Structure formats: structure tokens, C-alpha cells
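Please open the model in your viewer and keep a selection panel at hand. The stops below say what to select next and what is to be found there.

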Amino acid sequence: MDLEHRIQDVQALSDKAVLLTNRDYLLNVHCAELKTDQRDVFEKARVYADTVYKLRAMGVVQYGVPIESKPGPTVTMEFFGEKRTMIMFASNDYLNLSTDPRVHEAIKKTLVEYGVGAGSSRVGTGYSYLHKDLEARLADAFGKEAALLFPTGFDAIASPQTALCTAKDRILVDGSSHACILEGAYSSGATVRVFAHNNPERLEDALRRSVEKLDGGGIMVMVEGAYSMDGDLARLPEITALCKKYGARLLVDEAHSVGVHGKFGHGSVEHFGLQKEVDIIAGTFSKSLGATGGFVAADKEVITYLNYMARKIVFSAALPPILVAGVKAALEIMETDSSLREKLWENVKHLEKGLREVGATILGTETASVPVLIGNDGVMFRFTQDLIKEGIFTFPVVYPTVPKGKSIFRLALQSKHSKDDLDHTIEVFGKLLRKYEIIPN
Ligand SMILES: Cc1ncc(COP(=O)(O)O)c(C=O)c1O
């Protein structure tokens with residue numbers, strides 16, 4: 001097939017792998033080049049899968065390799081035909097609470113009493129005293145009047161803007177926003193504008209323009225509390241002040257800051273003491289809280305409205321009671337056992353310092369993920385293969401997730417990473433940064 005002739009080496013394959021993460025490229029360029037007949041809606045899947053299989057056969061794609069052990073700082077995975085122990089830097093289980101025996105005990109007890117599934121959405125059997133209790137705990141913890149549980153973090157963070165905003169409104173989102181923020185914003189029908197990442201001046205420009213253009217609608221601003229790809233915390237003091245000045249409502253997605261920031265681990269809003277100024281605090285249970293599911297905390301009226309209007313609440317099964325119990329136990333540990341957070345930060349600082357000493361450029365240093373700038377998109381997949389050979393698992397972050405020429409490795413730390421594993425990682429990065437001439441030899 002001509003694709004094989006055109007792709008000469010792993011470098012070209014790597015470029016193809018990068019491009020294929022972009023659906024527009026797949027449909028408009030790749031399928032067109034291969035003269036794909038798209039009258040059958042499945043045809044694009046055949047073309048895509050065919051290319052992925054070729055890339056996999058050459059070891060270019062690591063996505064979708066199953067883990068054969070329980071989650072943790074090291075895991076067992078099969079690469080190059082053999083099982084290997086890999087140091088895991090692609091997990092967001094920052095506090096290792098998914099394997100904490102105290103969480104498991106709570107889940108076991110609830111399993112016997114309540115069974116596995118909720119049986120329906122909360123319109124039916126999906127709302128129990130366990131759900132009610134966790135919602136009250138979350139509202140209290142995040143400094144809001146009420147809270148609502150969602151089946152996933154994605155649902156929790158995509159729902160408020162979809163339910164609250166209409167074609168009359170404008171939604172302003174940070175340029176580094178997660179897909180759930182964008183998906184919710186675009187599906188609301190509101191006009192969506194993206195402002196430069198964590199840049200209050202650009203946000204102010206967007207707010208000013210929005211106020212001029214509005215015709216009877218309102219403005220919602222959406223940011224993340226901590227950006228794990230950029231490594232920075234949202235500039236919430238400036239952002240909240242601007243929202244107030246222009247009469248906009250603000251939602252903060254605390255996915256990567258819960259467990260990591262704030263005195264009791266409640267995230268960036270707690271860190272800055274802005275619980276009253278931020279209108280909606282949303283988050284996920286799938287990262288520091290070690291489970292799955294999400295929540296929104298806000299004024300009572302907003303939560304009541306979402307409880308009736310958010311489609312993911314009404315038409316999707318509620319969180320299983322066992323997870324609700326597990327999240328409650330994890331929340332208590334997160335709030336009372338600060339040693340986990342201290343250990344996590346010790347590891348972050350150790351890795352950052354070591355990587356800088358071997359010449360790496362670290363983007364932001366305010367989150368539990370260390371973003372190491374590589375910049376040269378062309379070497380990313382070969383660099384990844386070398387990391388795998390050295391027992392290090394992380395994802396190459398390439399265009400279109402980050403701008404062209406700004407590729408990074410995102411190293412997400414866990415409380416339980418050992419110093420030995422971090423030192424090995426530092427040494428390997430030093431070696432590979434020189435090998436690929438990212439730093440001078
Ligand atoms: C910033 C951010 N928000 C929301 C989510 C969605 O959370 P979940 O995976 O729990 O659905 C993620 C997950 O990757 C995230 O990184």
C-alpha cells in the first residue's frame with residue numbers, strides 16, 4: 001500500500017502518530033490521501049485502525065498497553081515481548097489512596113450492605129443516604145452551600161455550563177482547558193471564546209469584548225485550579241477580581257488540585273482562600289481521591305437547578321454506593337493525614353531539582369506533575385521508546401494537545417514513589433536529553 005512506501009522510517013511514523021490524534025486530519029487529509037470512500041460511516045475506522053496497527057507493529061504507539069498489576073508507583077506491563085516493571089508517571093493517583101487499606105475497608109463494608117450498583121439515576125434508586133451524606137461533606141469541605149455528585153469528573157465539569165448557559169450567553173475558557181470544559185461549553189450553544197493560558201490581561205480583554213457584545217445574556221468564565229501540562233496554578237486572585245468587575249460567573253475545575261493544594265487538600269480555591277469568590281467549584285474523584293466520579297459545589301439554588309437540568313444527573317446511573325463510601329473514606333484521609341501530601345511534595349521537589357541539575361527545562365513547578373520541555377516534536381516517540389526500555393512509563397504530550405514545538409513529558413508524581421526510582425529517572429532523562437541533543441553533550 002502506498003502509505004507504507006511513503007513512510008520511510010520511525011521518524012515519519014512518529015509524525016503520522018501525532019497527526020492521527022487529530023480527527024480533522026484523519027478525515028480531511030489522511031482519508032483523502034488514501035482515496036477512502038466515506039459513504040460507509042465505518043470506513044474511517046478501518047483506515048484509522050489499519051494505520052494504528054502498522055504503527056503499533058513498529059512500536060511507535062504505546063497507548064492501550066494493559067497493566068498487569070495493581071496501580072502504584074511501579075506496575076507490570078508488557079513491552080518488546082516481555083513483562084517489565086515500569087516506574088509509573090502517568091497516574092493521577094497522587095496520594096495512592098486507590099490502594100489504601102482504610103478506603104478498601106469502607107468499600108468492603110458497603111458492598112455487603114448496599115451491593116454494587118446504584119440501579120438507576122437519582123431520579124430512581126440512585127440516591128441513598130450515603131450519597132446525601134457525601135454531598136453534605138463535600139459542600140462543607142469546599143466552603144459552599146450544597147454539592148452534587150456526578151457519575152464522572154468529566155460529567156461534573158461539563159454539566160454546569162451546558163445546563164446554565166444558552167445561545168444568549170458567552171463562555172470564556174482558558175487556552176489550556178481540559179476537553180470536558182470545552183465539550184460542555186460548545187454543547188451549551190453559547191458563544192465560546194478562548195483566552196491565552198492563565199493570562200489575566202487577555203481574560204480582561206475577552207470580558208470587555210463580551211460585555212460590549214452581549215444582548216441580554218450573561219458571561220461564564222471557566223478555568224482549572226492547577227494545570228498539570230503547564231505546571232502552574234490558576235491566577236485566581238486576579239481572575240476572581242476580574243469576574244466580579246465584569247459581572248461574570250466563575251467555575252474552577254479542581255481536578256488536579258484536590259489532594260495537592262490547600263491546607264486540607266481541598267485544592268487551589270482553598271489555597272488562595274477564595275471559596276466565597278469562586279461561584280462553582282467542580283472536581284473529580286479519579287485523581288487524588290483514588291476512585292471515579294465527580295462533584296459540583298455551589299449555592300443551593302444552582303445545585304437544585306443542576307439536579308433537575310443536568311442531563312448526566314437525570315439520564316445516567318448514579319455513582320455506585322461502594323464508590324461513594326470509598327470516596328468519603330479517602331476524603332477523610334486526605335483531610336487528616338497531611339503526611340501523604342508532604343511526601344508527594346517532597347517527591348515533586350526531588351525530581352524537579354534532579355532534572356534541572358542534569359540540564360532539563362521544567363515548565364511550571366506549582367503542581368504534582370513535572371512538565372519536562374523537549375520542544376523537538378520529531379524525537380518524542382523515539383525518546384518515549386528509550387524511556388520504556390529504561391523502565392519509565394510516561395506519555396509524550398505532543399501537538400495538538402500542546403502547540404507545535406512545545407512537546408513535553410508530563411511526569412505525574414505519587415506519594416509512594418521511591419527516591420531510588422526518581423534518581424534512576426533523573427539519570428535516564430539526563431542521558432536521553434543529551435542523546436537527542438535537547439541539551440549539549
Ligand atoms: C483537568 C481535568 N478535568 C476533568 C477531568 C475529567 O475527570 P474524570 O477522568 O474523572 O472524568 C480530567 C481528567 O483527566 C482532567 O484532567
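Begin by selecting Leu26, Leu27, His30 and Cys31 in helix α3 together with Lys44, Val47 and Tyr48 in helix α4, since these are the residues through which the two helices meet in this predicted model. Colour that selection by residue class, and the contact of α3 with α4 separates into five nonpolar residues, one polar and one charged. Now widen the selection to the whole helices, residues 23-33 for α3 and residues 43-57 for α4, whose axes come within 11 Å and cross at roughly 75°. An angle from 65 to 115 degrees counts as roughly perpendicular, and α3 and α4 are therefore described as roughly perpendicular to each other.

Next, select the ligand and the residues around it. Which residues are the closest of those that surround the ligand? They are Gly153, Phe154, Ala255, Thr284 and Ser286, out of 13 residues that surround the ligand. Coloured by class, the shell around the ligand shows four nonpolar, seven polar and two charged residues. Among the contributors, helix α7, which spans residues 153-164, gives the most to this shell, with three residues.

Keep α7 selected and add helix α12, residues 300-309; the two pack at an angle of about 90°, and their axes are 10 Å apart. That angle makes α7 roughly perpendicular to α12. To see where they touch, show the side chains of Ser159, Pro160 and Ala163 in α7 and of Tyr305, Leu306 and Met309 in α12, which meet one another. The residues of this contact of α7 with α12 divide into five nonpolar and one polar, with no charged residue.

Then step back and colour the protein chain by domain: domain 1 covers 2-57, domain 2 is made of 74-91 and 338-435, and domain 3 covers 100-336. If you place a marker at the C-alpha centre of domain 1 and another at that of domain 3, the two markers lie 36 Å apart.

For the last view, display the protein chain as a cartoon, in which there are 17 helices and 16 strands to follow. A box drawn along the principal axes around the C-alpha atoms has dimensions of roughly 60 × 50 × 45 Å. How does the radius of gyration of the protein chain stand against that of a compact globule, and what are the values? For 441 residues a compact globule would have a radius of gyration near 22 Å, and the protein chain has 23 Å, which agrees.

Methods. Residues are numbered from 1 along each chain as its sequence is written. This is a predicted model: local features need pLDDT of at least 70, side-chain atom pairs count only at pLDDT 80 or more; totals for chains, interfaces and linings use all residues. Domain bounds come from an automatic or database domain assignment. Axes are lines fitted to C-alpha atoms, for helices over the stretch in contact, and angles run from 0 to 180 degrees between N-to-C directions. Helices (H or I, at least four residues) and strands (E, at least two) are DSSP runs, numbered from the N terminus. Angles under 35 degrees count as roughly parallel, over 145 as roughly antiparallel, 65 to 115 as roughly perpendicular and the rest as oblique. Two residues are in contact if their C-beta atoms, placed from the backbone, lie within 7 Å. Ala, Val, Leu, Ile, Met, Phe, Trp, Tyr, Cys and Pro count as nonpolar, Asp, Glu, Lys and Arg as charged, and the others, Gly among them, as polar. A residue is near a molecule or strand if its C-beta atom, placed from the backbone, lies within 6 Å of it. The radius of gyration is taken over C-alpha atoms; the globule rule is 2.2 Å times the number of residues to the power 0.38.
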